[in-house]
Amino acid sequence: MSTYTEDNRKVTTRRLIEMKQRGEKISMLTSYDYTMAKIVDQSGIDCILVGDSASNVMAGNVTTLPMTIDQMIYHAQGVVRGTKRALVVVDMPFGTYQGNSKEALSNAIRIMKETGADCLKLEGGSEIRESIERILTAGIPVIGHLGLTPQSINKFGTYTVRAKDDAEAAKLIEDAKLLEEIGCCGLVLEKIPAKLATQVSKELNIPTIGIGAGNGCDGQVLVVHDMLGMNQGFSPRFLRRYADLHTVMTEAISKYVEDVKSSDFPNDKEQY
Ligand code: KIV
């Protein structure tokens, strides 16, 4: 099977920084289970994000807030089992790192120990500095996440583009520099103007990975169900659909129902 990458070495956080240095774009997709992770990994992806978007696409919740640490660990364990090459990044879910930094560290250690993942992702800037610093001191790599941070949706009140005004853009730049300074190995930039994301990407040495943040980022991430077209109700401007699996799956399942009803399935060769 041919894939984009010829390099079969395991992707590490250090290699992400090397990729930025040589101008090689970083590809990232979400996965939440063993079978999908295996397909995504074998297709040559650089990073797999066990996103708390599992709350939306796997559990059918409206926001990511209900996700628990046990649920994230369950999803991440399957993904790690299915992944050989990609760097596996796990989202720390809402409520597990925003308060007490000691609790943040024990939650981070629990995720790393029980899943075997490579890296964690946390949403926010200066407000969660203490938690990030404490997690980093335990040798756990951290990717930051700025811009539209879905765990704060109740504060924003809308999923529209963030940091369009000067004050929010200045705070985002300040937070991005802070995250690099304290030791984060990468930064997800979600739904911000492309011009701002390009500026941040140029000013940082660590790679930026954008979603709805334009082509000036050092890499791109999408939710796998969205880019495969499994999810018909969600079509933001930034989303490119690479397949129409909703149609493929619906047609296949309808045909199966028809074949069972008509006694066409199973036939003589499909039985013992
Ligand atoms: O949870 C998630 O899938 C994410 C991406 C949208 C970046 O955080």
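## A friendly look at Gln98, salt bridges and a buried Asp226

The side chains of Gln98 and Gln151 are joined by a polar contact of 3.1 Å. Keep in mind as you explore that this is a predicted model. A search of the whole structure turns up 14 salt bridges, and some of them are introduced below. We will also visit Asp226, a buried residue that has no salt bridge, and a nonpolar patch on the surface.

**Gln98 and its surroundings**

- To find Gln98, look in the loop between S3 and helix H5 (101-115).
- Is Gln98 buried or exposed? Gln98 falls in between: its relative accessible area is 32%, so Gln98 counts as partly exposed.
- Besides the link to Gln151, the side chain of Gln98 has a polar atom 2.8 Å from the backbone nitrogen of Gly95.
- If residues up to four places away in sequence are left out, Gln98 touches Ile128 and Gln151.
- Gln98 and Glu180 are separated by 82 residues in sequence, and their C-alpha atoms are 19 Å apart in space.

**Salt bridges to look for**

- Here is the basic idea: side chains of opposite charge can pair when their charged atoms come close.
- Within helix H1 (residues 13-21), Glu18 and Arg14 are four residues apart, which is about one turn of the helix. These two form a salt bridge, with their closest N and O atoms 3.3 Å apart.
- Glu18 is partly exposed because its relative accessibility is 27%, while Arg14 is exposed, with a relative accessible area of 63%.
- Asp46 forms a salt bridge with Arg85, and here the closest N and O atoms are 3.5 Å apart. Asp46 sits in the loop between helix H2 (34-42) and strand S2 (47-50), and Arg85 in the loop between helix H4 (69-82) and strand S3 (87-91), so this pair ties together parts that are 39 residues apart in sequence.
- Both Asp46 and Arg85 are buried.
- Which side chain meets Lys177 in a salt bridge? The partner is Glu203, at 2.9 Å from N to O. Because Lys177 belongs to helix H8 (residues 166-182) and Glu203 to helix H9 (residues 194-203), the pair ties together parts that are 26 residues apart in sequence.
- Lys177 is partly exposed, at 39% relative accessibility, and Glu203 is also partly exposed, with a relative accessible area of 37%.
- Asp70, Arg110 and Glu114 belong to one network, joined by salt bridges that share partners.

**Asp226, a buried charge**

- Asp226 is found in helix H10 (residues 224-227).
- How far away is the nearest side chain of opposite charge? That side chain belongs to Arg241 and is 6.2 Å away; Asp226 is buried and has no salt bridge. For comparison, a salt bridge here needs a side-chain nitrogen of Lys or Arg within 4 Å of a carboxyl oxygen of Asp or Glu.
- Asp226 does have a polar partner, since its side chain and that of Asn231 share a polar contact of 2.9 Å.
- Setting aside neighbours within four places in sequence, the contacts of Asp226 are Asn231, Phe234, Leu239 and Arg241.

**A nonpolar patch on the surface**

- Val248, Met249, Ile253, Tyr256, Val257, Val260 and Phe265 make up a nonpolar surface patch of about 620 Å².
- One of these residues, Met249, lies in helix H11 (residues 245-261).
- Met249 counts as partly exposed because its relative accessibility is 37%.

Notes: Residues are numbered from 1 along each chain as its sequence is written. This is a predicted model: local features need pLDDT of at least 70, side-chain atom pairs count only at pLDDT 80 or more; totals for chains, interfaces and linings use all residues. Side-chain values use heavy atoms; hydrogens and water are left out. Helices (H or I, at least four residues) and strands (E, at least two) are DSSP runs, numbered from the N terminus. Buried means under 20% relative accessible area, exposed over 50%, partly exposed in between (1.4 Å probe, protein chains only). Lys and Arg count as positive and Asp and Glu as negative; His and the chain ends are not counted. A polar contact is a pair of N or O atoms within 3.5 Å; within protein, one must be able to donate a hydrogen and the other to accept it, and residues adjacent in sequence count only if both atoms are side-chain atoms. Contact means heavy atoms within 4.5 Å. Patches are made of residues with over 30% relative accessible area and no salt bridge: like charges are joined within 9 Å, nonpolar side chains (Val, Leu, Ile, Met, Phe, Trp, Tyr) within 5 Å. Accessible areas come from the Shrake-Rupley method with a 1.4 Å probe; for residues, only the protein chains shown count as cover.
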